[in-house]
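Hi,

Here is the model we talked about, handed over for you to look through. My notes on what turned up are underneath.

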Amino acid sequence: MLEKENTSYQHVEHTFAPVYDKNSKILILGSFPSVKSREQNFYYGHPQNRFWKVLARLTKEVLPETVEEKKKLMLRHQIALWDVVASCEIIGSSDSSIRHVVPADIVRIVRESQIDKIFANGEKAYRLYQKYCEKETGITAVKLPSSSPANAVYTLDRLTEIWGALIFDRKEEKKVAFERAKEYLKQFGLEDRVMEFDTSSATVELAAQAVGCEPARIAKTLSFKVEEQCILIVAAGDARVDNKKYKAQFHTKAKMLTFDEVEELTGHAVGGVCPFGVNEGVKVYLDESLKRFDVVYPACGSSNSAVQLTLEELERASNYVAWVDVCKE
């Protein structure tokens, strides 16, 4: 249950320091601390916020409990932590109510560290950073799905998957996976359709921006486990799996692969999963949500790539088993 909070505006100052040192390379920014965080005098204090669970999973560390443990986890992995807002008027923990903002001096920690990548935890932090800080730092932030309990559409597994793909670059692994998928497409004469970007395309939104198309045309590849077998479902970017349809098709509940299982079972890392050059035994299905388009854009083995394909070309290159109708748009 979410905590009961004040329903009137209060002027509040940010009272705890940023977490960083001279070795920090990545900065994750929130908007402003929640009531629980302000009570505990540290970041992400609400027990239902998934921030610390996601970071523990991604770093393969034990879930930190104390403030000191949390600080050490971040510093060990060269991750800095702060909020965009130094003071404001706010109602309880409501991001949407924030007004009369005084921004934090983010330039200072960028200058005193090696930070060259900034991530915003949620839409509000992202917009506040763009408005108050981006011009001063000169670094464009990447928006992460919010770890807040209010963002219930994202499960812990899904948050971990997307945060991992966006935050941890793994350049060498990405390049190998990209080249493998591109080589696979070569046998179909499609290698010239492959695009590689300087920016991340790990989410539908980012991929659409990189390609320059509507998000629905991004053919996202979803990975599931049916009994002990891995299957991939390629669907339109705006489609979501319908649990009833999925169960009717596969005779089991929809169970997505965990962050750790994805690369092992599919052959591609999170953010770059595609139906090209997958591990032996992986079955590929194409969802009906794609059929309204003549051209779609799946990933090509990495979180900064895509390939332009007609549906007929997608059918040939994916070695698909069947068309299925398991999504709602």
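The buried residues of α2 are covered by a set of elements that includes β2 (26–30), α3 (67–76), β3 (79–83), β6 (117–121), α7 (156–167) and α11 (259–266). Keep in mind throughout that this is a predicted model.

Which residues of α2 are buried? They are Phe51, Trp52, Val54, Leu55, Ala56, Leu58 and Thr59. That makes seven of the nine residues in the helix, which spans 51–59, so α2 is largely enclosed by the rest of the structure. Right after α2 comes Lys60, with a positive phi near 60°.

Now for the charged pairs. How many salt bridges are there? The count comes to 18, and three of them are worth a walk-through.

Start with Arg99 and Glu89, which form a salt bridge with the closest N and O atoms 2.7 Å apart. Arg99 sits in strand β5 (residues 99–103) and Glu89 in strand β4 (residues 85–90), so this pair ties together parts that are 10 residues apart in sequence. As for burial, Arg99 has a relative accessibility of 36%, so it counts as partly exposed.

Next, Glu205 forms a salt bridge with Lys143, and here the closest N and O atoms are 3.4 Å apart. This pair links distant parts of the chain, with Glu205 in helix α9 (residues 204–211) and Lys143 in strand β7 (residues 142–144), 62 residues apart. Glu205 is partly exposed because its relative accessible area is 40%, and Lys143, at 21% relative accessibility, counts as partly exposed too; the cut-off for buried is under 20%.

Then there is Glu313, whose side chain meets that of Arg193 in a salt bridge (2.7 Å, N to O). Where do the two partners sit? Glu313 is in helix α12 (residues 311–318), while Arg193 is in the loop between α8 (171–186) and β8 (194–196), so to speak a link between distant parts of the chain, 120 residues apart. Is Glu313 buried or exposed? With a relative accessible area of 11%, Glu313 is buried, whereas Arg193 is partly exposed at 28%.

One last thing to look at in the viewer: salt bridges with shared partners join Glu123, Arg127, Lys143 and Glu205 into one network. The Glu205 and Lys143 pair described above is a salt bridge in its own right, and both residues belong to that network.

Have a look when you get a moment.

Cheers

How values were computed: Residues numbered from 1 in each chain as written. Predicted model: local features only at pLDDT ≥ 70, side-chain atom pairs only at ≥ 80, totals over all residues. Heavy atoms only, no water. Buried < 20%, exposed > 50% of the residue type's maximum accessible area, 1.4 Å probe, protein only. Helix = DSSP H or I, 4+ residues; strand = E, 2+ residues; numbered from the N terminus. Contact = heavy atoms within 4.5 Å. Salt bridge = Lys/Arg side-chain N within 4 Å of Asp/Glu carboxyl O.
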